[in-house]
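Visitor: Please take me through a close look at one part of this model, with the cut-offs given as you go.

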Amino acid sequence: MTLTERDGAAGARGAPDGLYGILAGFAGRAAATAGIGKDPVNLPMIRHWCEAMGDAHPAYRGPDAVAPPTMLQAWTMGGLSGHTDRSSAHEELFVLLDGAGYTSVVATDCEQEYLRPLRPGDEITFDTVIESVSELKTTKLGTGHFVTTRTDVRAGGELAGTHRFRILKYAPAARRPKPAAPEIADTKPAARPVRRPRPVINRDNAGFWEGVAAHRLLVQRCGDCATLRFPWLPGCADCGSREWDTVEASGAGTVFSYVVMHHPSFPAFTASDDPAAAGGPYAVGLIELAEGVRMISNVVGVPYDKVRIGMPVRLEFLRADEELELPVFRAEGED
């Protein structure tokens with residue numbers, strides 16, 4: 001996340017006169033010199049990262065694998081035992097900030113620049129410099145200083161990338177007391193109908209929702225290797241191609257897995273034309289379509305405690321409100 005900065009007033013809590021002049025003097029000082037990555041670039045770490053991120057790109061596996069570029073910082077991290085190569089300047093800066101009352105910390109954003117790919121076996125070294133300390137800033141979290149460090153990451157002595165990391169060291173803002181509840185008349189305004197949350201529609205999945213509006217369940221098909229994929233993605237996870245078209249699902253499927261939602265209750269998910277769901281728990285299924293891909297949706301037309309793995313289901317479209325239709329799956333044989 002990126003915190004919006006705005007200038008704070010001079011003399012804020014814990015900010016003695018002249019403190020910023022001292023803090024600004026840390027800009028350009030080394031935070032770590034000749035740091036050494038605890039492990040060389042390696043395939044197990046790449047595999048764990050890709051599994052966690054859901055990234056199956058073929059460039060990150062096999063004998064010619066490279067590391068995902070966004071792993072740049074991972075090779076320099078100290079782990080639970082931390083770093084032993086921090087400079088005294090880094091510690092002095094944080095002692096000053098803590099002593100001035102800026103005892104809380106939050107990471108705000110990072111920037112990375114990639115100059116060459118990292119490959120298994122690369123030995124990592126790095127240098128970190130305190131690039132800047134901001135003037136006093138006030139954010140919604142509180143008042144403090146943004147500290148930016150820049151790490152130059154090298155493989156075999158060659159610069160491979162740069163990682164800028166920015167944090168806010170701040171004094172938490174005082175919580176405002178809640179205003180007393182005003183006296184209200186006995187007459188209550190009519191309650192507005194509770195609507196389901198809107199799906200996030202972007203350029204990568206807009207075609208799917210256009211299909212739903214036309215009562216068609218569209219599945220992406222890779223234009224090169226013909227692999228079907230769902231949910232919609234900008235590229236093929238098998239071959240990396242960005243070429244694709246669509247096929248219309250038949251609507252037949254089976255319950256591959258499911259969960260039953262009990263709490264917290266949310267009125268929009270009980271305001272359904274499905275009597276089995278009204279006023280109580282409801283089933284959310286992972287549906288395996290006849291085409292071989294899987295999608296998450298509601299299982300309707302049967303009590304939640306009667307849903308079973310392997311149960312055949314059939315696609316239908318639920319009118320949630322005047323603007324929104326959703327694909328759901330009705331248990332076969334149910335009216």
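**From a strand to the aromatic rings**

Guide: Thr 108 lies in strand S3, residues 104-114 (strands are DSSP runs of E with at least two residues, helices of H or I with at least four, numbered from the N terminus). The model is predicted, so local features need pLDDT of at least 70 and side-chain atom pairs 80 or more, while totals for chains, interfaces and linings use all residues. Residues are numbered from 1 along each chain as its sequence is written, and side-chain values use heavy atoms, without hydrogens or water.

Thr 108 has 2% relative accessibility and therefore counts as buried (under 20%, with over 50% exposed and partly exposed in between, for a 1.4 Å probe and protein chains only). The side chain of Thr 108 is joined to that of Asp 109 by a polar contact of 2.9 Å (N or O atoms within 3.5 Å, one able to donate a hydrogen and the other to accept it, with sequence neighbours counted only through side-chain atoms).

Turning to the rings, the whole structure holds four aromatic pairs (Phe, Tyr or six-membered Trp ring centres within 6.5 Å; stacked under 30 degrees, edge-to-face over 60, otherwise tilted). In one of them, Phe 208 and Trp 209 meet edge-to-face, at 5.1 Å between centres and 80 degrees between planes. Phe 208 also pairs with Trp 232, and because the planes stand at 65 degrees, with centres 6.4 Å apart, this pair is edge-to-face. Since Phe 208 belongs to helix H4 and Trp 232 to the loop between strands S9 (228-229) and S10 (244-248), the pair ties together parts 24 residues apart in sequence. Both Phe 208 and Trp 232 are buried, the former at 7% relative accessible area, and Trp 209 is buried at 18%. Through ring pairs, Phe 208, Trp 209, Phe 230, Trp 232 and Trp 244 are linked into a cluster.
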